[in-house]
Amino acid sequence: MWLIWWLNAVSVSLTVTDKRTILRKGILSKYSNEVFHTSVRNIEIHQSLIQRIFNVGDIVVASSSGQADLEVAVAGIPEPERVKQLINDYRIGMTQILED
């Protein structure tokens, strides 16, 4: 059981840059999905009671792009509220740049 959890943990990475959020999964096979912050429509956080106690949670970043609600979804992210705030900060910054 612990081995499966560990393999899941090391095979997933979520990277937040100033322009996009990138999800990469896999050890042998690879999967990658990204959402540009200018296209972010919604950010969801899901936390059970146990997850809240340990300050981890699941995060979903939904896009308004033309790709049928493209989403980046990952479970077990430490400090999910901080990740959400970081994405929102970049998203708001990008919106202000585009409006100027």
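Residues are called buried when their relative accessible area is under 20%, exposed when it is over 50%, and partly exposed in between. S48, in this predicted model, has a relative accessibility of 36% and therefore counts as partly exposed. The residue sits in the loop that leads from strand 4 (40-46) to helix 2, and its C-alpha lies 9.4 Å from that of D58, a residue 10 positions away in sequence.

**Overall layout**

The protein is built from 3 helices and 6 strands, which follow one another along the sequence in the pattern α-β-β-β-β-α-β-β-α. Of its 100 residues, 26% count as buried, and the protein exposes about 7000 Å², of which carbon and sulfur atoms supply 56%. Among the contacts with a separation of 6 or more, 36% are between residues 24 or more positions apart.

**Strands 1 to 3**

Strand 1 (residues 12-16) and strand 2 run antiparallel and are joined by 5 bridges, one of which can be followed from V12 to its bridge partner K25 in strand 2. These two strands form a hairpin, with 3 residues between them.

Strand 2 (residues 20-25) also pairs in the antiparallel sense with strand 3 (residues 31-36), here over 6 bridges, and I22 stands opposite E34 of strand 3. The hairpin of strand 2 and strand 3 has 5 residues between the strands, and G26 takes a positive phi near 115° in this hairpin.

**Salt bridges**

How many salt bridges does the structure hold? There are 2, and the table sets out each pair with its N to O distance and the relative accessible area of both partners.

| Pair | N to O distance | Relative accessible area |
|---|---|---|
| E34 and R20 | 2.9 Å | E34 27%, R20 29% |
| R82 and E79 | 3.9 Å | R82 59%, E79 36% |

Because E34 belongs to strand 3 and R20 to strand 2, their salt bridge ties together parts that are 14 residues apart in sequence. With a relative accessibility of 27%, E34 counts as partly exposed, and R20 is likewise partly exposed at 29%.

In the other pair, the side chain of R82 meets that of E79; R82 is exposed, with a relative accessible area of 59%, whereas E79, at 36%, is partly exposed. E79 is placed in the loop between strand 6 and helix 3, and its phi is near 50°, a positive value in a residue other than glycine.

**The nonpolar core**

In soluble globular proteins, nonpolar side chains tend to be buried together. The largest nonpolar core of this model consists of 11 residues, namely L23, V35, V40, I43, I59, V61, V72, V74, I77, V83 and I87. At least two residues of this core come from each of strand 4, strand 5, strand 6 (71-78) and helix 3 (80-99), and the largest share, 3 residues, is supplied by strand 6.

Which residues does I43 touch, leaving aside those up to four places away in sequence? I43 touches I59, V60, K84, I87 and N88.

**Helix 2 and the loop after it**

On the surface, L49, I50, I53 and F54 form a nonpolar patch, and together they have about 490 Å² of accessible area. F54 lies in the loop between helix 2 (49-53) and strand 5 (56-63). Is F54 buried or exposed? Its relative accessibility is 61%, so F54 counts as exposed.

The loop between helix 2 and strand 5 also contains N55, whose phi is near 55°, a positive value in a residue other than glycine. N55 has a relative accessibility of 37% and therefore counts as partly exposed.

**Drawing the parts together**

Strand 2 is a convenient place from which to read the model, since this strand pairs antiparallel with strand 1 over 5 bridges and with strand 3 over 6 bridges. R20 of strand 2 meets E34 of strand 3 in a salt bridge, while L23 is one of the residues of the largest nonpolar core. The surface, by contrast, carries the nonpolar patch that includes F54, a residue of the loop between helix 2 and strand 5.

How values were computed:
Residues numbered from 1 in each chain as written. Predicted model: local features only at pLDDT ≥ 70, side-chain atom pairs only at ≥ 80, totals over all residues. Heavy atoms only, no water. Patch = residues over 30% accessible without salt bridge, like charges linked within 9 Å, V, L, I, M, F, W, Y side chains within 5 Å. Areas by Shrake-Rupley, 256 points an atom, 1.4 Å probe, with all protein chains shown as cover. Salt bridge = Lys/Arg side-chain N within 4 Å of Asp/Glu carboxyl O. Helix = DSSP H or I, 4+ residues; strand = E, 2+ residues; numbered from the N terminus. Buried < 20%, exposed > 50% of the residue type's maximum accessible area, 1.4 Å probe, protein only. Core = buried A, V, L, I, M, F, W, Y, C linked by side-chain atoms within 4.5 Å. Contact = heavy atoms within 4.5 Å. Pairing = 2+ DSSP bridges.
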